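Colleague: Got a minute to walk me through this one? I'd like to go through the fold and a few residues.

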Amino acid sequence: MMSLAEILSPEVLALEVLSPEVLSPQLGVMILLALGLDLLIGDPRWLPHPVVLMGRLTGLLERRWNCGTARQKRWRGMGLTVTVVLGTWLIAAGVLAVLSAIHPLLGNLAEILLLASCLAMRGLVGAARAVYQPLARGDLAAAREAVSHIVGRDTSQLDERGVTRACVESVAENTVDGITAPLFWAVLGGAPLALAYKAVNTLDSMVGYRNERFADFGWASARLDDAANWLPARLTALAMWWVSWGVPRLHSSGAWRATRRQAPGHPSPNSGWPEAMPANLLGIQLGGRNQYGDQISQRALMGEPRQSLCGQHIKGALTCLYAGTLGICVMLGGFILVRTLMAGGPI
C-alpha cells in the first residue's frame, strides 16, 4: 500500500485525472447517480457544502489581497483565481486518491457525493416552484418575496409579468451554472474538475463585478468564468432545442435560428443562449428594463411575444430546464461511448 505522501504526489494525482475511469462508462454511471442523488435529497444542511468553503476562502483572501494600485489588484486577483481553483482541484483529487487507495468503492462513493454537490437541479426547481405557487393563488406579494431570493434586481414593484420574467430568466441562466456546465466538466475530469468549475463560478459571483471595488481584482475570475461557460451555454441551448421537438406546446421551428440571432445581444457572452432559447421555445419575450437599486439596466429583448408572460411560463421554463438536462446527458453519454469505442475499451 502506498504511503500518504506517495498518494498525494503530483504523479499520482495526474494519473488520477488521466486514468481510464475518466471519460469512461463507469464515470458516466457515477454522474447519473450523482444527478439522481441531487434530485432526491438536494444539499443536506448537515453536510458542509464545498461551495460554502470556497466562498469563505475567497472572502478571506479578497479582504487581504484586494488593495494597492489597479495593476497590483489585477495581479493579486489572478493569484486569487489560481489559488482557489487549483487548490479546489488539488484537494478534491487528493481526497479521492486517498479514499480510492483505501478501497475503490469508497473512492467511487465519495466521487458520487462530490459530483452531487456540484449540481443544483433540486434547489433550482424548488426555487422556481416557490415563485410559481403564490402566483398561482394570486399572492403577488409572496411571489415578489420568493423571486427576490434568486435575482439581484429590485422586485418590490414587479407585477405578475415582471415576477414571471425575473424567475424565467433566473431559471434559464442557472440551468447552465447549476446543472449542464458541471455535468460537462465532470465528464471531462470527474469530480475534481467539476468542483474546480464550481470554484470558478463562486469566484465570479463574489468578485466578478465591474464596479470600483472589483473591476481590476475580479477581472481574471470574470474572464475565466466566461471561458468555462462558453461551450456549455451553447450546448445547453442546442440540447433544449433538439429535445423540444418531442415536447408538445414548445415552438421548436425557427427557435435555433432566432436564438443564434438574439443571444449575442445579451451583455454576458454566455447568458443570452440559455435565455433566448426558452424565450423562443415558449413564445414569450424576455429582457427589457431591470432596476438594481438606483440604477436602471436596459437588457436586449429575447424571443417573440406570441404570448403575454404569466405564472404558467415558469412551468414552461422548468420544462426547458428538463429538456436541456436530458439533451446534455445524451450528448455527453454519446461522447463517452464514442471515446470508449475509439479506445477499444469495454462498454
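Colleague: What share of the 347 residues in the protein chain is buried?

Modeller: Bear in mind that this is a predicted model. Buried here means under 20% relative accessible area. Counted that way over the 347 residues of the protein chain, the buried share is 49%.

Colleague: And what radius of gyration does the protein chain have, set against a compact globule?

Modeller: Along its principal axes the C-alpha trace spans about 65 × 55 × 40 Å. For 347 residues a compact globule would come out near 20 Å, and the protein chain agrees with that, at 21 Å.

Colleague: How many helices and strands are there in the protein chain, and what part of the contacts with a separation of 6 or more joins residues 24 or more positions apart?

Modeller: The secondary structure comes to 13 helices and two strands. As for the contacts in the protein chain with a separation of 6 or more, the part that links residues 24 or more positions apart is 70%.

Colleague: On to helix packing. How are H9 and H13 oriented to each other, roughly parallel or oblique?

Modeller: The axes of H9 (residues 160-207) and H13 (residues 312-343) come within 10 Å and cross at roughly 15°. The crossing is right-handed. Angles under 35 degrees count as roughly parallel. H9 and H13 are therefore roughly parallel.

Colleague: Which residues make that contact between H9 and H13, and how many of them are charged?

Modeller: On the H9 side, the residues include Thr164, Cys167, Val168, Val171, Phe184 and Leu188. From H13 they meet residues including His313, Ile314, Leu318, Gly324, Phe335 and Ile336. By class, the contact of H9 with H13 has 17 nonpolar and six polar residues, and the charged ones number no residues at all: none.

Colleague: How about H11 and H12: are they oblique or roughly parallel to each other?

Modeller: H11 (residues 255-262) and H12 (residues 272-282) have axes that come within 9 Å and cross at roughly 140°. Roughly antiparallel would need an angle over 145. H11 and H12 are therefore classed as oblique.

Colleague: What is the handedness of that crossing of H11 and H12, and which residues of H12 take part in the contact?

Modeller: H11 passes H12 in a right-handed crossing. H11 brings Ala255, Trp256, Ala258, Thr259, Arg260 and Gln262 to the contact, and H12 brings Trp273, Ala276, Met277, Asn280 and Leu281.

Colleague: And by class, how many residues of the contact of H11 with H12 are nonpolar?

Modeller: There are three polar residues and one charged residue in the contact. The nonpolar count is seven.

Colleague: Now some acidic side chains. Is Asp225 buried or exposed, and which residues does Asp225 touch?

Modeller: Asp225 is found in helix H10 (residues 219-244). With 7% relative accessibility, Asp225 counts as buried. Leu203, 22 residues away in sequence, is 8.3 Å away in space, C-alpha to C-alpha. Not counting residues up to four places away in sequence, Asp225 touches Val200, Asn201, Asp204 and Asn270.

Colleague: Glu62 next: buried or exposed, and what is Glu62 in contact with?

Modeller: Glu62 belongs to helix H4 (residues 50-65). At 7% relative accessibility, Glu62 counts as buried. Leaving aside neighbours within four places in sequence, the contacts of Glu62 are Val207, Arg213, Phe214 and Phe217.

Colleague: Where does Glu169 sit, and which residues is Glu169 in contact with?

Modeller: Glu169 is in helix H9. Its relative accessible area is 5%, so Glu169 is buried. Neighbours within four places in sequence aside, Glu169 is in contact with Arg153, Glu275, Leu286 and Gly287.

Colleague: And Asn290, what does Asn290 touch?

Modeller: Asn290 lies in strand E1 (residues 286-292) and, at 2% relative accessibility, counts as buried. With residues up to four places away in sequence not counted, Asn290 touches Arg153, Arg165, Gln295, Ile296, Ser297 and Arg299.

Colleague: Last one: is Arg249 buried or exposed, and what is its phi near?

Modeller: Arg249 has its place in the loop between H10 and H11. At 76% relative accessibility, Arg249 counts as exposed. Its phi is positive in a residue other than glycine, near 70°.

Technical notes. Residues are numbered from 1 along each chain as its sequence is written. This is a predicted model: local features need pLDDT of at least 70, side-chain atom pairs count only at pLDDT 80 or more; totals for chains, interfaces and linings use all residues. Side-chain values use heavy atoms; hydrogens and water are left out. Axes are lines fitted to C-alpha atoms, for helices over the stretch in contact, and angles run from 0 to 180 degrees between N-to-C directions. Helices (H or I, at least four residues) and strands (E, at least two) are DSSP runs, numbered from the N terminus. Angles under 35 degrees count as roughly parallel, over 145 as roughly antiparallel, 65 to 115 as roughly perpendicular and the rest as oblique. A crossing is left-handed if the near helix is turned anticlockwise from the far one by less than a right angle, and right-handed if clockwise. Contact means heavy atoms within 4.5 Å. Ala, Val, Leu, Ile, Met, Phe, Trp, Tyr, Cys and Pro count as nonpolar, Asp, Glu, Lys and Arg as charged, and the others, Gly among them, as polar. The radius of gyration is taken over C-alpha atoms; the globule rule is 2.2 Å times the number of residues to the power 0.38. Buried means under 20% relative accessible area, exposed over 50%, partly exposed in between (1.4 Å probe, protein chains only).
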